[in-house]
Amino acid sequence: MKRVTLKAITDAAPRRPDGYVDHVLSVASRQENGWAYFEDDVFTDLLKQYSPERLYRGPGKVLHDMLAGFGIHMKPNCKCKARMAQMDKWGCDECEKNIETIVEWMKEEASARGLPYLSTVGRMLVRRAIHTARKESARATQVRVSD
């Protein structure tokens, strides 16, 4: 049996889809003294449904959004979508380990588009994307759980 404070559930609501609180409380075994109690399998299902991976942008998506803000968008023949997905699959830690690979990807794409490119600026953008993704992940996982 797991228990979560009702305050933690309602505090998490702004970072969750509409109907989150009603759904979570509807599957609780019971509620008492400011706590909601969940059977272990139900709690595991809730974690899967509302997992951080589904609730925040990964570093690839953050980088994509940053570049779009500069007017640089995906084209039908570029590798951007696959590389964005790879970065999101790697997550923040692996992106840090592979930052030079990512910077090289950006250099290749800039060259293919005839755009100027500085590796130092590319590295700064990737680091900012990783930092932003980490912050969003931390916000998405702020729920206090107790056994």
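**A walk through a predicted model**

V126 counts as buried, because its relative accessibility is 0% and buried means under 20%. The model is predicted, and this valine is a convenient place to enter it. V126 is part of helix α8. Along the chain, V126 and V62 are separated by 64 residues. In space, the C-alpha atoms of V126 and V62 are 9.0 Å apart. Sequence distance and spatial distance are thus two separate things to look up for a pair of residues.

Helix α8 covers residues 119–140, and E136 is one of its residues. E136 forms a salt bridge with R57, and the closest N and O atoms of this pair are 2.6 Å apart. What does this pair tie together? R57 sits in the loop between α4 (52–55) and α5 (59–69), whereas E136 lies in helix α8, so the salt bridge ties together parts that are 79 residues apart in sequence. The two partners also fall into separate accessibility classes. E136 counts as buried because its relative accessibility is 15%, while R57, with a relative accessible area of 27%, is partly exposed.

Helix α5 holds a salt bridge of its own. The side chains of K61 and D65 meet there, with 2.9 Å from N to O. K61 and D65 are four residues apart in helix α5, so about one helical turn separates them. K61 has 30% relative accessibility and therefore counts as partly exposed. D65 counts as partly exposed too, because its relative accessibility is 26%.

Another salt bridge involves helix α8 again, this time through R134. The side chains of R134 and E96 meet at 3.0 Å, N to O. R134 lies in helix α8 and E96 in helix α6 (residues 80–97), so this pair ties together parts that are 38 residues apart in sequence. R134 is partly exposed, with a relative accessible area of 31%, and E96 counts as partly exposed at 43% relative accessibility. Some salt bridges share partners, and in this way R57, K61, D65 and E136 are joined into one network. Over the whole structure, a search finds 11 salt bridges.

The cysteines come next. A disulfide is a covalent bond between the sulfur atoms of two cysteines. How many disulfides does the model contain? The count comes to zero. For C92, the nearest cysteine sulfur is that of C95, at 6.7 Å, and C92 is in no disulfide. C95 is likewise in no disulfide, its nearest cysteine sulfur being that of C92, 6.7 Å away. The cut-off explains the result: a disulfide needs a pair of cysteine sulfur atoms within 2.5 Å, so the 6.7 Å between C92 and C95 does not qualify. Are these cysteines buried or exposed? C92 is buried, with a relative accessible area of 10%, and C95 is buried as well, with a relative accessible area of 0%.

The last stop is a patch on the surface. E39, D40, D41 and D45 form a negative surface patch. The patch counts as negative because Asp and Glu count as negative. One of its members, E39, is found in the loop between β3 (35–38) and α3 (40–49). E39 is partly exposed, with a relative accessible area of 37%. That value fits a place in the patch, because patch residues have over 30% relative accessible area.

Technical notes
Residues are numbered from 1 along each chain as its sequence is written. This is a predicted model: local features need pLDDT of at least 70, side-chain atom pairs count only at pLDDT 80 or more; totals for chains, interfaces and linings use all residues. Side-chain values use heavy atoms; hydrogens and water are left out. Patches are made of residues with over 30% relative accessible area and no salt bridge: like charges are joined within 9 Å, nonpolar side chains (Val, Leu, Ile, Met, Phe, Trp, Tyr) within 5 Å. Accessible areas come from the Shrake-Rupley method with a 1.4 Å probe; for residues, only the protein chains shown count as cover. A salt bridge is a side-chain nitrogen of Lys or Arg within 4 Å of a carboxyl oxygen of Asp or Glu. The place of a charge is taken as NZ of Lys, CZ of Arg, CG of Asp or CD of Glu. Helices (H or I, at least four residues) and strands (E, at least two) are DSSP runs, numbered from the N terminus. Buried means under 20% relative accessible area, exposed over 50%, partly exposed in between (1.4 Å probe, protein chains only).
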